Number of protein chains: 2
Amino acid sequence: MIPVEEARSRILGSLSATGPETVSLQEGWGRVLAAPVAARLTQPPSDMSAMDGYAVRAADAAEGAVLRVIGAAPAGHPFGGGVGPGEAVRIFTGAPVPAGADGILLQEDAEAGDVTVTVRETVRPGRWIRPAGLDFRLGDVLLPAGKRLTARDIGLAAAANHAWLTVHRRPRIGILATGDEIRLPGEPLPPGGIVSSNAHALAALVRAGGGVPLVLPIAADDAGAIAAAAESARSCDLMLTTGGASVGEHDLVQQALGPQGFVLDFWKIAMRPGKPLIWGRLGTTPLLGLPGNPVSALVCGVLFLQPALAVLSGLPAGAPALHAARLAAPLPANDRREDYLRARLERGPQGQLLATPADRQDSSMLRILAGCDALIRRLPHAPAAAPGDMVEVMELEQLGL
Amino acid sequence: MIPVEEARSRILGSLSATGPETVSLQEGWGRVLAAPVAARLTQPPSDMSAMDGYAVRAADAAEGAVLRVIGAAPAGHPFGGGVGPGEAVRIFTGAPVPAGADGILLQEDAEAGDVTVTVRETVRPGRWIRPAGLDFRLGDVLLPAGKRLTARDIGLAAAANHAWLTVHRRPRIGILATGDEIRLPGEPLPPGGIVSSNAHALAALVRAGGGVPLVLPIAADDAGAIAAAAESARSCDLMLTTGGASVGEHDLVQQALGPQGFVLDFWKIAMRPGKPLIWGRLGTTPLLGLPGNPVSALVCGVLFLQPALAVLSGLPAGAPALHAARLAAPLPANDRREDYLRARLERGPQGQLLATPADRQDSSMLRILAGCDALIRRLPHAPAAAPGDMVEVMELEQLGL
């Protein structure tokens, strides 16, 4: 049994990012940049008015001064001429400040006449003017390669005049559920049969992580069926299996995939839930074999699949974020396996997290996992913990689960 | 000027959830249930073995006992008969426990002979058996209406034997950018022109909130163009405009939309950034007019659009989540407008958030917003705050921005 950290390092160290593709700006949200986005213009392109009012020479615009209004500059219609001594140009938010002007007389501080304006509050030089390049300048790198694009980033790339983005191709993840007892939801269920839930939950987890799931037909527990299904997944960036990874004689994944070119790296991790986890390579396709128990499969999905998806997507290699939380109930000392306990989270008045472990931690109980918010990580041989002690938690929704 | 809370209440109070649609389980992730999901079966359907080993009668299985192996029960192939006194059935994880057996002799605690097995560790009744219904029972409501489906929920719905889900239709949100100076990214840019960023950032924000954006052609600043564009958005669940909401004579949205049946509810909010915000109804379509400055538009997007999308999607009405954080730099006293300051967040060793306000808070500076993590909320007339004081923050990525 190898430690969780080592398992994750070995998995992530053997993966590399998918190649680039060009997508329209409208399709860019949530994608990971494969090339930086540099500004194709300076923003604002020239000095701009930040308010509605009059562009003036500040030296002329002391309280009580009367200025001659020589024109108007609405946004999108720059005033062609300059502002001379004793002159003013009507201006609106977002319009370029005409040459000669160095301050804005606010509309509410101005009294408009027929062809003049009277200053009711002295104008300070530079006031209410956004200088050229305030936001960014031509050539500035605004978004680095390897960044997952937020809605703000999409706005920034648009403002920088990009209609197209170079992003990493979404990783395609084959998902193979195995087991004679497994059936698709809604299909006829034989005695002792179990409805397949792992493949569908994992497909959702793949989507949450920015990948494209390819759910393969369920393979019965015989070598031929598994091999045939595996064959169709060779075009994937990563292959997932679920079930068939524990010690019993009916756990065929390893045996069935051997003749297909499967090379095992490791298959037992010192963790709970989820000890039986296969990692290897099927030809050139990395293969992650998840346990069959639904909770084990999803916890391993958070610990190993999501970081793998990140690396395949072009993001940095890393572990799921751990946050500090206070424990609301006691926990016994841990054994030699790293433990991930299902827990509910609340926030205290000072912003601190409070974690209450679920009463039952059976790895078949999907309903409890669905109702929880977090996993508490307990390191191997962690001593018993009392209410109020600090523990480390992973927040499930933030991890796409 | 009306307070932020009142504005949000008036917006949310006038919206209702979209109607239901049927989607396949595979399309269910992130959607909001319009009908509860109840279990269509009991899980596990009968007592199941939690381990590989032998199903035995605990009374017969004291250490040293030799039991006769009368058959095998792999998962998916239940053993048809019962287990009588002195008998054992080979069993595997996930297989039904045969009648008569009430305990599992673990494989590692058993010594297999040709037709017998020797008990090496006394079996306790009920041990390693998952009783029928441990996870859920037929008819249990597992997921309520109004829940946004996580990957775990998809797994749970699958396990409960649902191939289809009844969810709220994704709200369709029309997005109309207005302004003579606005151009699409990559298109020819006249002097004084600005590349449209708001519509694209808002479209991404709509996607993040589970809606379907409909980006309308940019409307020039004249009544006819805006009216024509608005007409094409009447099929939307909500209409967004951006730009044209401040006090200048070139702010045409209100005037242009009036003849189209626009009825204003309110249009000024006591907040910064984002004072000019229009709320009303264009015929039967709710209309939210966002400010033209990119930061103002997106902050208003988080405060008003995302909660509106939630209500339209069938989720409860509410405000964006606020978390407590410690301030890392001093803040001056606030005026009568509720302020949302761009800030970076870090986490301290005890899990507490530390917020550092950005040096510049100009509402045209999109690059600063893109590089921040949070908004600090400052209530009207909040007193000056010192480093170490507690403030309230909204985390931007959690809000879809």
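**View 1. Polar contacts across the A–B interface.** In this predicted model, 24 residue pairs are in polar contact between chain A and chain B, counting pairs with both residues at pLDDT 80 or more. Which elements of chain A give two or more residues to the side that touches chain B? They are β11 (141–143), α2 (151–159), β15 (194–195), α3 (198–208), β22 (323–327), α7 (366–371) and β26 (390–395). Helix α2(A) gives the largest share of that side, with eight residues. Sorted by class, the side of chain A that touches chain B comes out at 44 nonpolar, 27 polar and 20 charged residues.

**View 2. A salt bridge from one chain to the other.** Here the side chain of Asp140(A) meets that of Arg367(B) in a salt bridge, 3.0 Å from N to O. Between chain A and chain B, the count of salt bridges is six.

**View 3. How much gets buried between the chains.** Pull back a little and you have 91 residues of chain A in contact with 91 residues of chain B. The area buried between the two chains is about 7100 Å², and carbon and sulfur atoms give 56% of it. Which three residues supply more of chain A's buried area than any other three? Look for Asp135(A), Arg152(A) and Arg367(A), which together supply 12% of the area that chain A buries against chain B.

**View 4. Down at the rotation axis.** To lay chain A on chain B, turn it by 180 degrees with 0.0 Å of shift along the axis; the RMSD is 0.0 Å. That makes the relation one of a two-fold axis. Gln352(A) is the residue of chain A that comes closest to this axis, its C-alpha being 3.0 Å away. Both copies use the same surface, with 100% of the contact residues of chain A recurring in chain B.

**View 5. A salt bridge inside chain A.** This one pairs the side chains of Arg344(A) and Asp373(A), at 3.8 Å from N to O. The two partners sit 29 residues apart and link distant parts of the chain: Arg344(A) belongs to strand β23 (residues 338–347), while Asp373(A) lies in the loop between α7 and β25 (374–378). Over all chains, the structure holds 32 salt bridges.

**View 6. The domains of chain A.** The domain assignment splits chain A into domain 1 (4–17 + 170–313), domain 2 (20–43 + 138–168), domain 3 (48–130) and domain 4 (323–399). How far apart are the C-alpha centres of domain 3 and domain 4 of chain A? They lie 62 Å apart.

Notes: Residues are numbered from 1 along each chain as its sequence is written. Chains are lettered from A and ligands numbered from 1 in the order in which they are written. This is a predicted model: local features need pLDDT of at least 70, side-chain atom pairs count only at pLDDT 80 or more; totals for chains, interfaces and linings use all residues. Side-chain values use heavy atoms; hydrogens and water are left out. Contact means heavy atoms within 4.5 Å. Buried area is the accessible area (1.4 Å probe) that two parts lose on being put together, summed over both. A salt bridge is a side-chain nitrogen of Lys or Arg within 4 Å of a carboxyl oxygen of Asp or Glu. A polar contact is a pair of N or O atoms within 3.5 Å; within protein, one must be able to donate a hydrogen and the other to accept it, and residues adjacent in sequence count only if both atoms are side-chain atoms. Helices (H or I, at least four residues) and strands (E, at least two) are DSSP runs, numbered from the N terminus. Ala, Val, Leu, Ile, Met, Phe, Trp, Tyr, Cys and Pro count as nonpolar, Asp, Glu, Lys and Arg as charged, and the others, Gly among them, as polar. Domain bounds come from an automatic or database domain assignment. Copies are superposed by least squares on the C-alpha atoms of residues with pLDDT of at least 70 in both.
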